[in-house]
Amino acid sequence: MIRRRQLAVNYQVSRVRLLRQGLLLSGIVALLLLLFNSAGLFEQLGLQASNLLYVPAPLTGKIVIVAIDDATLNAYGRSVAGWPRQLHADLLKTLSADGARVVAFDLLFDAPSPDDASFAAVIQEVRQNKVGTRTVLIVSADQGSIFHITPGQSISVDHVLMPTSALQGSTLGHVNVLADPDGDVRRMLLNLHTPTHDWLSLSAAALLSYLRVPSSAFSQVVAITPDTVQLTAQHMAHVK
């Protein structure tokens, strides 16, 4: 009888000890989780894991990037917005003569310029040549706008910056992106929406222009669902 009581006491002591050890271990784990979360480690791990979803794709050789280097900045000025638009018109002529099917300018021509009329004339000129070069210019959400973002699909704002009226006859695409906390851009916002108009992203507008879809028909060929985006019947992407 005494032995049974001793065993019962020992059992209770063991349970208390295990309970204390469990509470101590739980507290340590909770503290570590709190520290990791406050330091953003879980978010960083999630971003690094998402990088595994991005794999290199074979290049087609159909896309050429014309970058602005230091020599060009030194020659024409550090502010690209202040360059004569005739420079861009001459570049467009050169690229069209070399067979460019589409030229997309990732530059915002929102300030009026004396060269706007001649630049617009060149845009129409290369469109009519044997290559039929299409020109895509950009719009951008005004920094003072109120943003509402639908993940993976669209961004809604109340005001955008647009090319000057002389250049608005070109196809337009938006260049707004959503950067992750580490500064990398892993998603493309397909659609920029205002109360009066919608614009596809610059890359989507360039693709459709390459396929010779007129900008007035973009809304007829592009289909957006909660899970997919269909630019054409042959070009579909999943939405994340």
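Colleague: Which residues in α6 are buried?

Modeller: In this predicted model, Leu202, Ala204, Ala205, Ala206, Leu208 and Ser209 are the buried residues of helix α6, a word that is used for a relative accessible area under 20%.

Colleague: What covers the buried residues of α6?

Modeller: The cover includes the strands β1, β2 (134–141), β6, β8 (198–200) and β10 (228–232), together with α7 (218–221). One of the strands in that list, β6, holds Thr171, which touches Ala205 and Ser209. Just after α6, Arg212 takes a positive phi of about 65°.

Colleague: How do you know that Thr171 counts as buried?

Modeller: Its relative accessibility is 12%, and the limit for buried is under 20%, so Thr171 counts as buried. Leaving aside residues up to four places away in sequence, Thr171 also touches Thr135, Val136, Leu137, Ser215 and Phe218.

Colleague: Why is Ser170 called buried?

Modeller: Ser170 lies in the loop between β5 (160–161) and β6 (171–174), and its relative accessible area is 9%; since buried requires under 20%, the word applies to Ser170. Its contacts, again without residues up to four places away in sequence, are Ile123, Thr135 and Leu137.

Colleague: Which element gives the most to the lining of the largest pocket?

Modeller: That element is α6, with 5 residues. The largest pocket has about 1700 Å³ of space, and of the 38 residues that line it, Ile63, Val64, Ile65, Val102 and Ala104 are the closest to its centre. Two or more lining residues come from each of α3 (70–76), α4 (85–97), β1 and α6 (202–210).

Colleague: How do the residues of that lining divide into nonpolar, polar and charged?

Modeller: The lining of the largest pocket has 27 nonpolar, 6 polar and 5 charged residues.

Colleague: What makes the pair of Tyr76 and Trp83 tilted?

Modeller: A search of the whole structure finds 4 aromatic pairs. For Tyr76 and Trp83, the ring centres are 5.6 Å apart, and the limit for a pair is within 6.5 Å, so the two rings pair. Their planes are at 55°, which is neither under 30 degrees, as stacked would need, nor over 60, as edge-to-face would need, and the pair is therefore tilted. As for accessibility, Trp83 is buried at 6%, whereas Tyr76, at 46%, counts as partly exposed.

Colleague: Why is the pair of Phe109 and Phe119 called edge-to-face?

Modeller: The planes of Phe109 and Phe119 are at 85°, and edge-to-face applies over 60, so the name follows for this pair, whose ring centres are 5.4 Å apart. The pair links distant parts of the chain, with Phe109 in the loop between β1 (102–104) and α5 (116–128) and Phe119 in helix α5, 10 residues apart. Phe109 is buried at 4% relative accessible area, and Phe119 counts as buried at 0%. Ring pairs link Phe105, Phe109 and Phe119 into a cluster.

Colleague: How do you know that Arg101 lies over the face of Tyr210?

Modeller: Arg101 is at 4.9 Å from the ring centre of Tyr210, and the distance limit for a charge over a ring is within 6 Å. There is a further condition on direction, within 35 degrees of the ring normal, and Arg101 is listed as lying over the face of the ring.

Notes. Residues are numbered from 1 along each chain as its sequence is written. This is a predicted model: local features need pLDDT of at least 70, side-chain atom pairs count only at pLDDT 80 or more; totals for chains, interfaces and linings use all residues. Side-chain values use heavy atoms; hydrogens and water are left out. Rings of Phe, Tyr and Trp (its six-membered ring) pair if their centres lie within 6.5 Å; planes under 30 degrees apart count as stacked, over 60 as edge-to-face and the rest as tilted. Buried means under 20% relative accessible area, exposed over 50%, partly exposed in between (1.4 Å probe, protein chains only). Helices (H or I, at least four residues) and strands (E, at least two) are DSSP runs, numbered from the N terminus. Contact means heavy atoms within 4.5 Å. On a 1 Å grid over the protein atoms alone, a cavity is a set of points where a 1.4 Å probe fits but cannot get out, and a pocket is an open set with protein on both sides within 12 Å along at least five of seven lines; lining residues have an atom within 4 Å of a point. Grid points are joined across faces, edges and corners, and a volume is the space filled by probe spheres set on the points. Ala, Val, Leu, Ile, Met, Phe, Trp, Tyr, Cys and Pro count as nonpolar, Asp, Glu, Lys and Arg as charged, and the others, Gly among them, as polar.
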